[in-house]
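Work through the exercises below with the sequence and the structure open beside you, and try each task before reading its solution.

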Amino acid sequence: MTAARTALGALVGLGVGLAGGWWLAEADEPPRPDDVARTPSEATAPPAPRRAVPTTEGCDDVERQLVAARFEVALLRGQLRSYGGQAVPWPDDAPADQRPEAFAEAFRAFATEEGVEVTELDCGEYPCAAVVEVEGIDTDRQIGIQVALARLAAAGFHDARSVTHLRVLDDETFRVAWSAVPAGGADDDLTRRVDTRLDDLLWTEH
């Protein structure tokens with residue numbers, strides 16, 4: 001009887017020990033990631049944005065295009081100068097009102113009347129040419145100056161034909177290069193030469 005009780009006690013003790021060991025094993029096991037509760041900010045936060053890596057590839061392409069365009073413009077101007085021919089000497093029978101002194105006087109009077117600045121007078125060859133700088137680049141102002149120059153050519157220079165080239169400098173200023181050629185007697189060579197000179201006066205630093 002005593003031996004039976006001892007055996008039963010041993011079995012009960014073994015059972016309690018196994019149960020306790022199992023509970024400790026369950027308690028000591030680390031939590032799995034899926035079992036950890038996430039905070040609302042962690043659960044809904046969007047992924048961090050990727051930063052764009054700066055590149056100069058597009059800028060390099062634009063720079064190459066600008067260089068090529070400048071080269072092409074310079075080449076065309078050189079061809080225009082060649083096409084424009086040689087300087088035209090003053091003819092002995094040039095009208096008195098187209099001579100350098102008379103031209104300069106008439107053109108400065110025009111500039112004063114129109115409120116523009118004379119920046120260039122070139123009478124080194126026939127015919128004289130001049131450049132004015134004008135404030136205000138609206139269309140009416142540009143047309144008004146060209147009409148006034150046409151009147152000057154017709155009334156002041158033996159009914160000559162007005163030739164104008166225009167260059168916009170900035171948002172407020174433009175320049176006009178101008179000359180007057182014979183209305184009916186200007187040949188193609190003279191007209192080309194005048195166009196070349198006006199282009200040079202506008203675009204070349206003097």
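The exercises concern a predicted model, and they go from the whole protein to one of its helices.

**Exercise 1.** Describe how the secondary structure of the protein is made up and in which pattern it is arranged along the sequence.

*Solution.* Begin with the count, which comes to six helices and four strands. Then read along the sequence, where these elements follow the pattern α-α-α-α-β-β-α-β-β-α. Next take the burial, which shows that 22% of the 206 residues of the protein count as buried. Finally, turn to the contacts between residues at least 6 apart in sequence, of which 62% join residues at least 24 apart.

**Exercise 2.** Determine where the buried residues of helix α4 lie around its axis, and what they pack against.

*Solution.* Start by locating helix α4, which covers residues 100-114 and reaches 21 Å from its first C-alpha to its last, close to the 21 Å expected for its 15 residues. The second step is to list its buried residues, those under 20% relative accessible area, and these are F103, A104, F107, F110 and A111. Looking down the axis of α4, one finds these buried residues within an arc of 130°, so they line one face of the helix. The face turned away from this buried side carries the exposed residues E101, E105, T112 and E113. As a last step, follow the buried residues to their partners, and they are seen to pack against the strands β1 (117-122), β2 (129-135) and β4 (173-181), as well as against helix α5 (139-156).

**Exercise 3.** Work out how α4 and α5 cross, and which residues make the contact.

*Solution.* First consider the axes of α4 and α5, which come within 11 Å and cross at roughly 145°. The crossing of the two helices is right-handed. On the side of α4 the contact is made by A106, F107, F110 and E114, while α5 contributes R141, I145, A148, L149 and L152. Sorting the residues of this contact by character then gives seven nonpolar, no polar and two charged.

**Exercise 4.** Decide whether R108 is buried, exposed or partly exposed, and say how far its C-alpha atom is from that of V118.

*Solution.* Place R108 first, which belongs to helix α4. Its relative accessible area is 48%, so R108 is partly exposed. For the distance, note that R108 and V118 are 10 residues apart along the chain, and that their C-alpha atoms are separated by 7.1 Å. To complete the walk along this part of the chain, look just after α4, where G115 takes a positive phi of about 70°.

Key
Residues are numbered from 1 along each chain as its sequence is written. This is a predicted model: local features need pLDDT of at least 70, side-chain atom pairs count only at pLDDT 80 or more; totals for chains, interfaces and linings use all residues. Side-chain values use heavy atoms; hydrogens and water are left out. The expected span of a helix is 1.5 Å times one less than its number of residues. Buried means under 20% relative accessible area, exposed over 50%, partly exposed in between (1.4 Å probe, protein chains only). The arc is that of the directions from the helix axis to the C-beta atoms. Contact means heavy atoms within 4.5 Å. Axes are lines fitted to C-alpha atoms, for helices over the stretch in contact, and angles run from 0 to 180 degrees between N-to-C directions. A crossing is left-handed if the near helix is turned anticlockwise from the far one by less than a right angle, and right-handed if clockwise. Ala, Val, Leu, Ile, Met, Phe, Trp, Tyr, Cys and Pro count as nonpolar, Asp, Glu, Lys and Arg as charged, and the others, Gly among them, as polar.
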